Amino acid sequence: MKFKLDIKIDDTDFYKFNEFVILRSPYGKKSMMALRLAIVVMLGLFSVMSFVMNGVTKGTLIALVPIAALILIMQLVLNPVMKSTLKKQLKTMTDAYSPEAEMAVYEDKIVYSDKDGEHNLRYGALDKVSIIKGKYVYLHQSSSNGYIIPMESFESEAQYAELEGLLKEKCKEINYYKK
């Protein structure tokens, strides 16, 4: 074993992870882009149908103004609505995460121990790693499952640098984020 981390997370950490996955991670960006595009396409099809049925007239062109406004408003409120929905969902979830865990870092794997037992994570099995500068390291097993390591879990910068070096060497993809 190279070193061990004592991990303590709370509702805020869990919320930040889920917010990150939904809005900023490569998984979330794809989903949000698809949702935004679907909104534009649906309202665009409605506009085209209106032109086909009524022809291009002054009235149909004027009717496009509220549709364009609706598209703009929906694009602007999508992120706040997603955050609000996430907060409401997380309030109803119980036992969604372990507030305390231990992570043993080895050369060939990570062993994560919490109230549910021991989880062996091979570096190659991690789908992605996201590092939010100065705050978190997220180890993604899939688009919806991952491990949260708050920076406070590291005893020193050297310990963090050692884990980062292992992750760079052994993982498929590491993404860095400023905040």
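Select Lys4 first: in this predicted model, Lys4 has a relative accessibility of 38% and therefore counts as partly exposed. Add Glu102 to the selection, since the side chains of Lys4 and Glu102 meet in a salt bridge with an N to O distance of 3.4 Å. Lys4 belongs to strand E1 and Glu102 to strand E2 (residues 100-105), so this pair ties together parts that are 98 residues apart in sequence. Glu102 is likewise partly exposed, with a relative accessible area of 31%.

Next, select Lys2 and Glu162. These two residues form a salt bridge, and their closest N and O atoms are 3.6 Å apart. Lys2 lies in the segment before strand E1 (3-8), whereas Glu162 lies in helix H4, so the pair ties together parts that are 160 residues apart in sequence. Both ends can be inspected for exposure: Lys2 is partly exposed at a relative accessible area of 37%, and Glu162 is partly exposed at 33%.

Remain in helix H4, which spans residues 157-170, and select Glu164. Is Glu164 buried or exposed? Its relative accessible area is 15%, and the cut-off for buried is under 20%, so Glu164 is buried. With neighbours within four places in sequence set aside, Glu164 is in contact with Ile131 and Tyr176. Display Lys168 as well: the side chains of Glu164 and Lys168 meet in a salt bridge at 4.0 Å, N to O. Because the two are four residues apart in helix H4, about one helical turn separates Glu164 and Lys168. The partners fall into opposite classes, as Lys168 counts as exposed at 52% relative accessibility, while Glu164 counts as buried at 15%.

Widen the selection to Lys2, Glu107, Glu162, Glu169 and Lys170, which are joined into one network by salt bridges that share partners. How many salt bridges does a search of the whole structure find? The search finds 10. As background to these pairings, side chains of opposite charge can pair when their charged atoms come close.

Now move to helix H1 (residues 11-23) and helix H2 (residues 26-54), whose axes come within 5 Å and cross at roughly 50 degrees. H1 and H2 are therefore oblique to each other. To view the contact, select Val21, Ile22 and Leu23 on H1, together with Tyr27, Gly28, Lys29 and Met32 on H2.

Helix H3, covering residues 58-92, is the next stop; select Leu72 within this helix. Leu72 counts as exposed, because its relative accessibility is 51% and the class begins at over 50%. Extend the selection to Ile73, Leu76, Val77 and Val81: with Leu72, these residues make a nonpolar surface patch of about 460 Å².

Finally, select Gln89, which also lies in helix H3. At 44% relative accessibility, Gln89 counts as partly exposed. Add Tyr176, already met as a contact of Glu164, and draw a distance between the C-alpha atoms of Gln89 and Tyr176. How far apart are Gln89 and Tyr176 in space? The C-alpha to C-alpha distance is 27 Å, and the two positions are 87 residues apart in sequence.

Terms used. Residues numbered from 1 in each chain as written. Predicted model: local features only at pLDDT ≥ 70, side-chain atom pairs only at ≥ 80, totals over all residues. Heavy atoms only, no water. Patch = residues over 30% accessible without salt bridge, like charges linked within 9 Å, V, L, I, M, F, W, Y side chains within 5 Å. Areas by Shrake-Rupley, 256 points an atom, 1.4 Å probe, with all protein chains shown as cover. Buried < 20%, exposed > 50% of the residue type's maximum accessible area, 1.4 Å probe, protein only. Axes fitted to C-alpha atoms, helices over the stretch in contact; angles between N-to-C directions. Parallel < 35°, antiparallel > 145°, perpendicular 65-115°, else oblique. Contact = heavy atoms within 4.5 Å.
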